[in-house]
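Hi everyone, thanks for making the time. I'd like to walk you through a structure today, so please have a look at the sequence and the fold on the screen.

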Amino acid sequence: MVRPLAGFVTPGGVTYTTSERQLVTPIMTTQPNILLISTDHWPAALLGATGHPVIQTPTLDELARSGVRFTNAYAECPVCIPARRTLMTGTPPRTHGDRVFDETLPMPNLPTLAQTLRDAGYQAYAVGKLHVYPQRNRIGFDDVILDEEGRQQYGVIDDYELFLGDRGHPGAHFDHGMSNNEYSARPWHLDEALHATNWASQQMVRTIKRRDPKRPGFWYLSYRHPHPPLVPLQAYLDLYRDVPMDEPHAGAWVAERGNMPYRLQANLATGDRISTLQATLARRAFYALCTHIDHQLRMVIGALREEGLLNDTILCFTSDHGDMLGNHGLWAKRLFYEYSANIPMILLGVAGDERVGYGRVDNRLVGWQDVMPTLLDLAGVPIPPSVEGLSMVGERRRDWFYGEIDEGPLATRMIHNGRYKLVYYAAGNVRQLFDLETDPNELTDLAANPEQADTLARLTGILVGQLYGGDEGWVQQGELVGLPNRVFTPGPNRGLSSQRSSHWPPPPVTHMRQVEWYPEKGR
């Protein structure tokens with residue numbers, strides 16, 4: 001016989017009213033929980049909610065309908081490390097100090113999102129890719145269950161590799177032979193439960209279940225995919241087996257290869273090595289990785305629901321940047337075209353929070369510097385003075401958005417005013433102008449169109465006002481002149497785009513540091 005326990009409250013804050021088996025609404029804490037989910041390389045367009053004709057993202061589509069989706073979310077610096085510094089400090093590259101991907105640059109002396117929430121009484125835990133240096137720097141979290149994608153060259157064996165060793169597969173997660181920075185693809189080679197996406201999801205589920213019931217939780221779940229290596233589970237490749245892939249789009253401006261700035265020459269050289277068949281297989285594998293993440297998110301949402309936390313949890317899903325996926329003949333990131341720079345941003349408040357609402361689409365200009373102040377605002381936690389981003393549920397909106405990546409001949413800058421986007425390449429002093437309202441795929445460059453001269457001049461003036469750190473030299477006598485262009489000559493790729501091998505036994509650190517290679521380096 002079940003003994004009635006009317007009014008009994010468990011240490012987890014759950015009230016039982018008539019019996020041990022009748023679970024009702026948990027007692028609410030004074031502050032909401034926060035679940036922040038990030039991915040790597042996920043373009044904003046790759047959601048069913050955007051009308052994409054192929055991608056399957058039923059979980060994220062439902063979350064978008066349950067909250068607000070920001071259509072004009074952009075990466076301030078579309079590459080992993082600078083973006084993550086922005087996310088965790090609420091500051092742009094100008095403040096946190098990295099716009100080039102400096103792998104050994106310590107975090108700046110700024111309040112982080114995790115530390116700010118811990119100071120406010122939160123427990124804070126991260127699972128997955130953090131991409132900071134030193135690699136075991138917790139940047140304010142109570143603990144980090146780390147996946148460093150096999151970057152042992154800086155002396156750390158991460159928790160995912162330890163997990164594989166415990167399961168009898170030490171150092172085996174790169175035995176599939178695919179590279180971290182190219183677009184060959186094949187199915188995952190180990191059991192499904194050993195895939196990095198499953199591992200991260202299960203670790204987060206366990207972290208939520210092991211929470212301190214007396215304190216609100218901040219949980220950061222950072223998936224390594226769909227960033228290459230492109231090794232989805234066979235089951236997810238099969239979902240797309242009979243589905244025709246959408247074709248890459250290409251602007252008319254791409255045909256003018258002889259006048260390309262150095263940055264575009266470098267990226268197009270990578271695309272030239274990828275056949276039409278390889279591009280189709282890569283896109284299918286990429287979509288499979290996205291859908292796998294989408295489905296695994298259900299495990300995390302389910303844990304929140306079954307633990308009685310879902311209605312009292314703020315959720316945010318986003319990505320550090322996108323991937324060109326062959327559009328305009330370009331691949332990967334470090335560019336300010338839509339598939340590289342426009343990122344997903346889905347936000348859900350606690351149940352009934354009208355500041356967020358549901359079924360909404362918001363077209364204000366936002367970026368990763370805005371995530372920290374938004375989550376703090378919704379949680380009622382004071383925002384540190386160092387934060388430069390804006391709350392995405394506040395009244396203030398920016399008139400334009402500035403983006404920057406790289407220095408010297410690879411330097412690229414962006415100004416976006418909500419409709420028009422200026423993309424600037426310093427090498428060759430090349431400006432491109434796109435009307436995203438009428439041309440969302442950036443097929444037509446309007447920079448030479450006399451009817452857009454005023455728009456071009458206005459955005460250029462804003463751009464000039466944002467230059468710093470040596471970029472000021474691109475302006476002479478009040479005119480933007482940039483740098484002399486260069487001819488890109490592809491160099492050898494002996495390391496196969498940072499190819500990893502078996503990590504058992506661990507490779508010598510000194511030798512691993514010699515093989516990091518990115519296609520745009522050339523020679």
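Let me begin with a definition: helices and strands here are DSSP runs, numbered from the N terminus, with at least four residues for a helix and at least two for a strand. One more word before the tour: this is a predicted model.

With that definition in hand, take helix 11, residues 371–379. What follows helix 11? The answer is G380, with a positive phi near 75°. Now for the helix itself. Buried means under 20% relative accessible area, and eight of the nine residues of helix 11 are buried, so the helix is largely enclosed by the rest of the structure. The buried ones are V371, M372, P373, T374, L375, L376, L378 and A379. And which elements do they pack against? Their partners are strand 3, strand 8, strand 9 (345–348) and strand 10, together with helix 2 and helix 4 (113–119).

Several of those strands belong to a sheet, so to speak of the sheet next: an open one of eight strands, in the order 6-5-7-3-8-9-4-10, with mixed pairing. Strand 6 (143–146) and strand 10 (360–367) are the edge strands, each pairing on one side only. From one strand to the next, the twist averages 15°. Inside the sheet, strand 3 (residues 33–40) and strand 8 (residues 313–319) run parallel and are joined by seven bridges. If you want a spot to click on, T39 stands opposite S319 in strand 8. Helix 2 (residues 80–89) packs on this sheet, touching strand 3 and strand 7, and its direction makes about 165° with that of strand 3. Helix 6 (residues 196–209) lies across strand 5 (123–128), strand 6 and strand 7, running at about 175° to strand 7.

Let's stay with strand 7, residues 217–226, and pick out W219, which lies in it. Is W219 buried or exposed? Its relative accessibility is 0%, so W219 counts as buried. Leaving aside residues up to four places away in sequence, W219 touches N33, I34, L35 and L36, and also Y125, M204, T207, I208, R211, L304 and L309.

Strand 7 also holds P226, and the peptide bond joining H225 and P226 is cis, with omega about 10°. Another cis bond runs from P228 to P229, with omega near 15°. P229 sits in the loop between strand 7 and helix 7 (234–239). For context, most peptide bonds are trans, and most residues other than glycine have a negative phi.

That brings me to two residues with a positive phi. H131 has a phi of about 60° although it is not a glycine, and its place is the loop between strand 5 and strand 6. With 6% relative accessibility, H131 counts as buried. E149 is not a glycine either, and has a positive phi of about 60°. E149 lies in the loop between strand 6 and helix 5 (159–166) and, at 2% relative accessibility, counts as buried.

Now for another sheet. This one is open, has four strands in the order 11-12-13-14, and pairs antiparallel. Strand 11 (401–405) and strand 14 (430–435) are at the edges with a single partner strand each, so one side of each has no neighbour in the sheet. On average, neighbouring strands here are turned by 15° against each other, direction ignored. Five bridges link strand 11 to strand 12 (residues 412–416), and E404 stands opposite R413 in strand 12. Helix 12 (residues 453–466) packs on this sheet and touches strand 11, strand 12, strand 13 (420–425) and strand 14, its direction making about 55° with that of strand 13.

How far apart in space are W219 and E404? From C-alpha to C-alpha they are 29 Å apart, with their positions 185 residues apart in sequence.

Last stop, the largest pocket, with a volume of about 680 Å³. It is lined by 31 residues, and A45, T71, E338, N342 and P440 lie nearest its centre. Which element gives the largest share of the lining? That is strand 4, with five residues. Strand 4 (68–74) and helix 10 (338–341) each supply at least two residues of the lining. By type, the lining has 13 nonpolar, 11 polar and seven charged residues.

That's my tour, and I'm happy to go back to any part of it.

Technical notes
Residues numbered from 1 in each chain as written. Predicted model: local features only at pLDDT ≥ 70, side-chain atom pairs only at ≥ 80, totals over all residues. Heavy atoms only, no water. 1 Å grid on protein atoms, 1.4 Å probe; cavity = no way out; pocket = protein on both sides within 12 Å on 5 of 7 lines; lining within 4 Å. Points joined across faces, edges and corners; volume = space filled by probe spheres on them. Nonpolar A, V, L, I, M, F, W, Y, C, P; charged D, E, K, R; others polar. Buried < 20%, exposed > 50% of the residue type's maximum accessible area, 1.4 Å probe, protein only. Contact = heavy atoms within 4.5 Å. Pairing = 2+ DSSP bridges. Axes fitted to C-alpha atoms, helices over the stretch in contact; angles between N-to-C directions.
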